[in-house]
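Here are a couple of exercises to work through with the model open in your viewer. Try each task before you read its solution.

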Amino acid sequence: MSPEFVYRSRPETPNDRQRVREVTIAAFGRSGEADLVDALRHDPAWIDGLSLVATTGDDTVVAHALLTRCHIDAVEALCLAPCSVLPDYQRTGAGTAAISAALAAAADADESFVVVLGHPRYYPRFGFHRAADHGIHLGIDVPPEALMVRSLRPGALPPAGLVRYAAPFGI
Ligand SMILES: CC(C)(COP(=O)(O)OP(=O)(O)OC[C@H]1O[C@@H](n2cnc3c(N)ncnc32)[C@H](O)[C@@H]1OP(=O)(O)O)[C@@H](O)C(=O)NCCC(=O)NCCS
């Protein structure tokens, strides 16, 4: 791996907010996900310390991963979304750095479960597996393999139930 592809991770600071917005817009090629992040900042689902960035050696933010509060029925969980990497840095480990840091921060915060709606070929590398296998489902129609869950505690089985996202997700 070349030196420019070694990333550091850290929680975002207030100074990163605009840059996170720019990274998110660039990653998705539209502003919807960046607007979602900004709406979540003002929502009770926001948890300080669970918005993580990956940076290059000069502390330039190139990736972002966000965990916010959701519920599986009445059980508190976290939702991993969105995950964004600047196009020029995609597939170089930046997303992995931000997501791994977010999951580690959540474990440190004594959180138990994380759900993600995303690419079924990408998230299993972080320990996610099919939520449907645990009786976890969504109120909208998605391919069953796209909804995934992982436990942050050894031996803790995710509860069955309906995933209830924070209001800004509109799900
Ligand atoms: C999806 C995303 C977060 C992944 O981050 P990344 O830094 O590009 O990926 P990493 O370098 O950490 O990991 C690379 C691996 O992920 C795989 N990968 C990357 N994007 C993928 C995708 N969209 N679908 C499936 N696999 C993907 C690569 O094939 C590679 O696999 P390998 O290790 O087996 O070769 C990033 O590409 C991105 O921002 N994409 C646009 C926005 C988006 O779709 N976000 C996710 C939905 S919330």
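**Exercise 1: the ligand site**

A polar side-chain atom of arginine 125 lies 2.9 Å from an oxygen atom of the ligand. This is a predicted model, where local features need pLDDT of at least 70, side-chain atom pairs count only at pLDDT 80 or more, and totals for chains, interfaces and linings use all residues. Residues are numbered from 1 along each chain as its sequence is written, and side-chain values use heavy atoms, with hydrogens and water left out.

Task: find which elements give two or more residues to the shell around the ligand.

Solution, step by step:

1. Start with the ligand's oxygen atoms: one is 2.5 Å from an N or O atom in the side chain of threonine 96, and a backbone N or O atom of glycine 93 lies 2.6 Å from an oxygen atom of the ligand.
2. Now pick out the elements: α1 (17-28), β4 (75-85) and α3 (94-108) each give two or more residues to the shell.

**Exercise 2: backbone oddities**

Task: where is the cis peptide bond, and which loop holds aspartate 110?

Solution, step by step:

1. Check omega: at about -10 degrees, the bond joining alanine 81 and proline 82 is cis. Proline 82 belongs to strand β4.
2. Check phi: aspartate 110 isn't a glycine, yet its phi is positive, near 65 degrees.
3. Place aspartate 110: look in the loop between α3 and β5 (113-117).
4. Do likewise for aspartate 59, whose phi is also positive at about 65 degrees; this aspartate 59 is in the loop between β2 (51-55) and β3 (61-72).

Technical notes
A polar contact is a pair of N or O atoms within 3.5 Å; within protein, one must be able to donate a hydrogen and the other to accept it, and residues adjacent in sequence count only if both atoms are side-chain atoms. Helices (H or I, at least four residues) and strands (E, at least two) are DSSP runs, numbered from the N terminus.
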